[in-house]
Amino acid sequence: MKRKLVMYLFAVALLLAACSTAEGPKANGEMTATVQRVVDGDTFELASGEKVRMIGVDTPETVKPNHPVEPYGKEASNYTKELLTGKKVTLKFDVEPYDKYQRLLAYVYMEDGTFVNEKLVREGYARIMTIPPNVAQADLFLTAEREAREGNRGLWGLDVGEKGADAKDAGKKEAGKEDKAKDESKAQPSKSADSDTPPEGKAIKGNINAKGEKIYHVPGSASYEQTKAEMWFATEEEAQAAGFRAPKR
């Protein structure tokens, strides 16, 4: 009888251990993992096979189907490859651990404490792209992007006046034209070719102007169409909770 009881308790312990290890990433939780390969500047694959999309940052595209390689995309991709391939990292999650493609959404930290998401923005390899509810580091990313812009780092240092570029630099020339137009309109930069497409159910644009004022614009308002969204919100209440205000009339 005693032997049967011991075996029963042992089986229960194994079952509980299996359940605990099967538990997946949780909101505001974290996990350690090893990077198997880098897919793009802001996306990589773990040794487990899961893909990770870094929160709050957007590097120029290099592998998007039916989409040309964007200026500074290869540089950003190569930088992330050198930084993360084969490395052990800590993934910290925000409110939503997964996106609609079932990729992990994470803030990525190296063993020496380097915050990879911020580093990509600060060094000019990525623009910020903050989508609620994962906004815990939004202000930090904004500060990093301003430093990169002011220092003409990375993609912010592309030559807008370049003429007669060869095939290698043709993409930079087009990017320069876009940056010039954005500067003339005094608008915040678009994060990517898709940044004007709102996430499902979130059509309110949040923009931070040159004075650092956080302003939201609802569909149909006077400045909505020309405003470049840095954040998207589902309701005005959500925008206000994130520190944004309505435009002054």
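Let's start with Arg149, which you'll find in helix 4, residues 138–150. Before we go on, please keep in mind that this is a predicted model. Is Arg149 buried or exposed, or something in between? Its relative accessibility is 30%, so Arg149 counts as partly exposed, because that class lies between the buried limit of 20% and the exposed limit of 50%. Now look across to Arg127. In sequence, Arg149 and Arg127 are 22 residues apart, while in space their C-alpha atoms are 9.8 Å apart.

Stay with Arg127 for a second. What does its charged end sit over? The ring of Trp156, at 5.3 Å from the ring centre. There's another arrangement of this kind: the charged end of Lys205 sits over the ring of Tyr224, 4.5 Å from the centre.

Since we're on rings, let's talk about aromatic pairs. The structure holds seven of them. One is formed by Tyr79 and Tyr125, and this pair is stacked, with 4.1 Å from centre to centre and 15° between the planes. The pair links distant parts of the chain, 46 residues apart: Tyr79 belongs to helix 2, residues 73–84, and Tyr125 to the loop between helix 3 (116–122) and strand 7 (127–129). Both Tyr79 and Tyr125 are buried. Elsewhere, try picking out Tyr107, Tyr109, Phe115 and Phe141, which ring pairs link into a cluster.

Next, the strands. Please find strand 3, residues 51–54. Strand 3 pairs with strand 2, residues 43–46, in the antiparallel sense, over three bridges. The two form a hairpin with four residues between them, and in the turn Gly49 has a positive phi of about 100°. Strand 3 is also joined to strand 6, residues 104–110, by three bridges, and here the strands run parallel. A nice residue to click on is Arg53. Which residues are its bridge partners? Thr43 is its partner in strand 2, and Leu105 is its partner in strand 6.

Strand 3 also leads us to the largest pocket. Strand 3 gives three residues to the lining, the largest share. Strand 1 (30–40), strand 4 (56–58) and strand 10 (231–233) each supply at least two. How much space lies in this pocket? About 1200 Å³. The lining has 40 residues, and those nearest the centre are Asp99, Tyr101, Arg103, Met129 and Ile131. By type, the lining divides into 16 nonpolar, eight polar and 16 charged residues.

Let me finish with some backbone details. Most residues other than glycine have a negative phi, and most peptide bonds are trans. Where do we find something else here? Asn28 has a positive phi, near 65°, and lies in the loop between helix 1 (2–22) and strand 1. With a relative accessible area of 58%, Asn28 is exposed. Gln102 isn't a glycine either, and its phi is positive too, about 65°. You'll see Gln102 in the loop between strand 5 (88–92) and strand 6. Gln102 is exposed as well, with a relative accessible area of 55%. Finally, a cis peptide bond joins Pro132 and Pro133, with omega of about 10°. Pro133 is in the loop between strand 7 and helix 4, and helix 4 is where we met Arg149. Thanks for listening!

Note on methods
Residues numbered from 1 in each chain as written. Predicted model: local features only at pLDDT ≥ 70, side-chain atom pairs only at ≥ 80, totals over all residues. Heavy atoms only, no water. 1 Å grid on protein atoms, 1.4 Å probe; cavity = no way out; pocket = protein on both sides within 12 Å on 5 of 7 lines; lining within 4 Å. Points joined across faces, edges and corners; volume = space filled by probe spheres on them. Nonpolar A, V, L, I, M, F, W, Y, C, P; charged D, E, K, R; others polar. Phe/Tyr/Trp six-rings, centres within 6.5 Å; stacked < 30°, edge-to-face > 60°. Buried < 20%, exposed > 50% of the residue type's maximum accessible area, 1.4 Å probe, protein only. Lys NZ or Arg CZ within 6 Å of the ring centre and 35° of its normal. Pairing = 2+ DSSP bridges.
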